[in-house]
Amino acid sequence: MASSLLFVAFIPVILVLVWKAYRYHLLRSVTGYLDVLNLGHERCTKIQGTAVVCGGSIAGLLTARICRDHFTSVIIVEAEEWTSSPEARRKMPQTSNHTRSRISQYDSLQVCLRLLYLGLHRLFPGLAEECANSGIAVAPADYKTHFWGLPLIMPYHLHSGTLPNTMFASRQALETLLRRLTLGRYARDIRQVIGIVTGLRMGEDGYVDGVKVRMKDGKVDCVDAKLVIDCTGPAAAGRRWLRRAVGVDPNDFKDTLDPKIYYTTTRFVITQDLGARLPIPGGWDAVGGHIHVMFPDAARNGRGFLSIIKAEGNQLFICCGGWAMDRPIYSIEDIKTHTLEIPVDAPVPRWVLDMLDLLKEIEKDSHHSFVCVGPSYKFNYEQFPSLPHNFIAVGDSVSRVNSIFGQGCSKALVGAAALNTLLHKTTVPLHGHLPVNFSYTFFERQARKTRAIWNSTKAADYSQPTTTPMTGEPLDLGLRWRKYRRQITRLAVKDIVVGELLWRNNMMVDITSLDFYHPKIVAKVVWNIAVEKAQEMLLVLSSLSIGFLKTVVSSSLQA
Ligand SMILES: Cc1cc2nc3c(=O)[nH]c(=O)nc-3n(C[C@H](O)[C@H](O)[C@H](O)COP(=O)(O)OP(=O)(O)OC[C@H]3O[C@@H](n4cnc5c(N)ncnc54)[C@H](O)[C@@H]3O)c2cc1C
């Protein structure tokens, strides 16, 4: 009797332990968080040979830095010649007029999630000082996000009144900083070659033994490779190389949907005098990065968003865009109209509109970038029947998602960090090959760890009637989850526990799908629905009784 009572008393403890164990399992297997925390450790005995990274942008630079911890040498092959100039590593990139022809985001808004900052912090010791050298603010990751015009509650209470830091850099500044750190600090181990990778040279037993590179002078050279990593972004050049090398087309293993996302980013440079007059709470000088961000509610036919962000060099970025918003938004009056059209419960703060009015003083010097992000896609390489054992791909060359949530660079980091973890677990004989199936193992892991990013952006896209879904899928797929998720967002503007959950989710740190089903969260959602329903009923009842009273009064007056 006593022992069964003891057992019953222990049931909650057992349940908590099982929950924690399962959560840890999810964190390890289907997110990149723990991989990212593990970055920055150099292997004792490096793998003899060269890791060839094709593409030297965000994914390429991150992957090269990680490969440097594992291989005796790393070569980045990048198509754009400018990237080898000192300007491509400069400390104050905003003073450069160069724009990268192959990067559609280059002049658009950039958001660096906390996960990205965490990873960079581990890969590049002294990151905060390097950011300071580039004028990049490192500040608490408060994105001033609003839903229905209401601010999301931020978990300041858990971090002694502040929030963990992130960096607030433009895309230009992020890329030049990464290039400076990767190619500058690790110049002994990482080299960049300018050229276009055109194909793979197959060796024996299903291994690639080199990549073919068309150099500036038109000659084709071959670079020996122990591991080949396709980081060519949306060009996804690797699919052409594979088609030629193994005769199978990765396009046959591709999922596509089109959310029809358009962005207009307007960039202003704020003078000291104007900065002092901008009516931002706390003042322009005190702003870390984000100033005001508004997301739409699809359930109320909202499809536009607004992002106002400060970046290095006193730049102010205002980004307007959304689903099927294919009209550029260039003038400040148009920005105001766009802002006021976002469905809200609480009006846009007056100071936001006043700030926009003040910006008219420098409107003629502003710079615009209008981008159609293009369809979201993912190549399911893990299902590909004949992958070379030492060919992998990271970043947008594998998948691209709706960029509204700022996850692209973090997704590249998750892929690169998964590679790091796998390489640490891999033994390679001296002068030997990577294990057979290395690439399958990698692609399978990367797919698992980036699936949540794909699914969450897809859920947001499927809420919009203008989205073209994946072949064979209706737009109402996952409707129940979306309704639940909307309830969570509704709560996150008034409940600190749910606000904290959403903060971790939006920053991609320490979050699993299980967290959304924590009994405390489910109970809060159910209670909130009940309260909202009761309020609705009360409203109906009160309007009915007012109507009834009016009828009684008017009929008694007539009598
Ligand atoms: C409008 C917009 C806004 C975005 N906002 C954000 C944001 O706020 N936050 C965020 O994290 N992400 C954002 N993204 C996503 C982000 O831009 C991408 O996820 C990121 O750039 C992917 O990096 P990548 O290195 O994989 O590809 P890319 O940056 O596209 O780089 C590919 C590189 O490969 C090179 N290359 C191509 N072909 C070859 C070849 N054959 N040989 C050699 N080199 C080659 C190119 O020159 C280029 O340097 C946004 C994207 C867009 C379009």
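**Cavity**

Which strand gives the most to the lining of the largest cavity? I looked this up first, and it is strand 14 (residues 304–311), with 3 residues. Before going on, I note that this is a predicted model: local features need pLDDT of at least 70, side-chain atom pairs count only at pLDDT 80 or more, and totals for chains, interfaces and linings use all residues. Residues are numbered from 1 along each chain as its sequence is written, and side-chain values use heavy atoms, with hydrogens and water left out.

My helices (H or I, at least four residues) and strands (E, at least two) are DSSP runs numbered from the N terminus. For cavities and pockets I used a 1 Å grid over the protein atoms alone: a cavity is a set of points where a 1.4 Å probe fits but cannot get out, a pocket is an open set with protein on both sides within 12 Å along at least five of seven lines, and lining residues have an atom within 4 Å of a point. Grid points are joined across faces, edges and corners, and a volume is the space filled by probe spheres set on the points.

I found 1 cavity of 30 Å³ or more, and the largest holds about 40 Å³ of space. Its lining is L109, Q110, F168, A169, S170, I309, K310, A311 and F317. I sorted these into 6 nonpolar, 2 polar and 1 charged (Ala, Val, Leu, Ile, Met, Phe, Trp, Tyr, Cys and Pro count as nonpolar, Asp, Glu, Lys and Arg as charged, the others, Gly among them, as polar).

**Sheets**

Strand 14 took me to an open sheet of 7 strands, order 5-4-13-14-15-12-16, with mixed pairing (two strands pair if DSSP finds at least two bridges between them). Strand 5 (150–151) and strand 16 (367–372) are at the edges with a single partner strand each, so one side of each has no neighbour in the sheet. I checked strand 16 against strand 12 (residues 261–269): they pair antiparallel over 6 bridges, and Y262 has C372 as its bridge partner.

I also looked at an open sheet of 3 strands, order 11-17-19, paired antiparallel. Strand 17 (residues 376–379) meets strand 19 over 2 bridges, with Y377 opposite R400.

**Helix 10**

Which residues of helix 10 (residues 350–359) are buried? I get W351, V352, L353, M355, L356 and L359 (buried means under 20% relative accessible area, exposed over 50%, partly exposed in between, with a 1.4 Å probe and protein chains only). They pack against several elements, including strand 12, strand 14 and helix 9 (332–340); contact here means heavy atoms within 4.5 Å.

**Helix 15 and the pocket**

Helix 15 (residues 519–558) has 40 residues, and its end C-alpha atoms are 58 Å apart, which agrees with the expected 58 Å at 1.5 Å a residue (1.5 Å times one less than the number of residues). Its buried residues are I521, V525, N528 and E532, and their cover includes helix 13 (479–492) and helix 14 (496–507).

The second largest pocket has about 440 Å³ and 16 lining residues, with W19, R504, D515, H518 and K520 nearest its centre. Helix 14 supplies the largest share, 5 residues. By class I have 8 nonpolar, 2 polar and 6 charged.

**Positive phi**

D510, in the loop between helix 14 and helix 15, has a positive phi of about 50° without being a glycine; at 25% relative accessibility, D510 is partly exposed. H431 is another non-glycine with a positive phi, about 60°. H431 is in the loop between helix 11 (408–425) and helix 12 (438–462) and is exposed at 64%.
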